[in-house]
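Let's take a quick tour of a protein model. Keep the structure open and turn it around as you read.

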Amino acid sequence: MNPISFTCDYNEGAHPLILRRLAETNLRQEPGYGEDSFCASAKEKIRSAIGRPEAEVFFLVGGTQTNSTVIDAMLGRYEGVIAAETGHIAVHESGAVEFCGHKVITLPQHDGKIAVDELEAYLEHFHADPTWPHMVYPGMVYISFPTEYGTLYTKDEISRIFDICRRFGIKLFIDGARLGYGLMSDACDMTIRDLAGLCDAFYIGGTKVGALCGEAVVFPSGNVPPHFFTIIKQHGALLAKGRLLGIQFDTLFTDDLYFKISRNAIERAMELKAVFSRRGIPFHIDSPSNQQFPILTREQMKALEGKVLFEIWDTLPDGRVVTRFATSWCSVREQIDYLDSII
């Protein structure tokens, strides 16, 4: 048997229904740049799903492009964005935000999250400092749902963060690259409608949740930054054949497909978690989503070599290794059983 992979949640292609619709509509002529009928239909379905008919929706090609484009569009040239020190924009996007001229201002992370009280204290301290005009002005808070550690903000935490942002007149942007996996976790205490009312902008990740590529950026209150379409193009995030993104999201938001396949990842992740737990293998963090972080010895890793693929996350002082196993929308029980048999 070839090695099975838990390295990431976008190792596979796309959901079969998406591939079928791409083939069925392949020879149909449509306008470009997101002006096609598929994008229009997908936007209406997303507006319906979040319960906000006034929302503006844009389809971009990938996560890094989406983060850098939205942040650049919503910030003034003198502003920076606050993120957890483990936040994706601060660590794994090659400085894309800084490349656009906006500093990423990092705060300590707690299980991948920003602490609400520490965020409030930082902003109060910044504005109380008489020399603040010499500093990068914090114009936005960036959080991801789920976080890089698979953890989830509660509805109350996001509500409090959003309240703080409004108090200081800054924006809240939620990275939803794995949004479906967060919303369908048993630990999640909110719906996509709740989340849409607790931020200035967020995006619905497709790349990691069943699509070949693409993310849907949502401005829930119709609060689109000026010339946003032009800024998308400047960032290389605009697809000429926008129909490819529209078809995918139109399919994902038909009959709750996005949420159903996201739930599959959670169920497989909990089975995977149980496989390690039964054998007394500890976890670096208690993640309720599709990313799990078992701590393995070198010997245990050796036993999996060539049979199971996963990511190295960190090395502990005692030589043990924090690993990451990620399930996805199309993970199957047989993969978990195979892992179980090896361990």
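Here's a short briefing on a sheet, two helices and one loop residue. Keep in mind that this is a predicted model. The sheet is an open one made of seven strands, with mixed pairing.

**The sheet**
- If you walk across the sheet, you meet the strands in the order E2-E8-E7-E6-E5-E3-E4.
- Strands E2 (56-60) and E4 (104-107) sit at the edges with a single partner strand each, so one side of each has no neighbour in the sheet.
- On average, neighbouring strands here are turned by 25 degrees against each other, ignoring direction.
- Inside the sheet, E5 (residues 137-144) and E6 (residues 171-175) pair up in the parallel sense, over five bridges.
- Look for Ser-144, which stands opposite Asp-175 in E6.
- In general, strands of a sheet pair through backbone hydrogen bonds, either parallel or antiparallel.

**Two helices**
- Helix H11 (residues 243-252) lies across E2, E7 (201-205) and E8 (215-219), and runs at about 120 degrees to E2.
- Helix H3 (residues 63-74) has 12 residues and spans 16 Å from its first C-alpha to its last, close to the expected 16 Å.
- The buried residues of H3 include Thr-66, Val-70, Ile-71 and Met-74.

**A loop residue: Ser-287**
- You'll find Ser-287 in the loop between helix H12 (257-278) and strand E9 (291-292).
- Is Ser-287 buried or exposed? Its relative accessibility is 0%, so Ser-287 counts as buried.
- The side chain of Ser-287 reaches the backbone oxygen of Gly-150 at 3.2 Å.
- Leaving out residues up to four places away in sequence, Ser-287 touches Tyr-149, Gly-150, Met-270, Lys-273 and Gln-292.

Notes
Residues are numbered from 1 along each chain as its sequence is written. This is a predicted model: local features need pLDDT of at least 70, side-chain atom pairs count only at pLDDT 80 or more; totals for chains, interfaces and linings use all residues. Side-chain values use heavy atoms; hydrogens and water are left out. Two strands pair if DSSP finds at least two bridges between them. Helices (H or I, at least four residues) and strands (E, at least two) are DSSP runs, numbered from the N terminus. Axes are lines fitted to C-alpha atoms, for helices over the stretch in contact, and angles run from 0 to 180 degrees between N-to-C directions. Contact means heavy atoms within 4.5 Å. The expected span of a helix is 1.5 Å times one less than its number of residues. Buried means under 20% relative accessible area, exposed over 50%, partly exposed in between (1.4 Å probe, protein chains only). A polar contact is a pair of N or O atoms within 3.5 Å; within protein, one must be able to donate a hydrogen and the other to accept it, and residues adjacent in sequence count only if both atoms are side-chain atoms.
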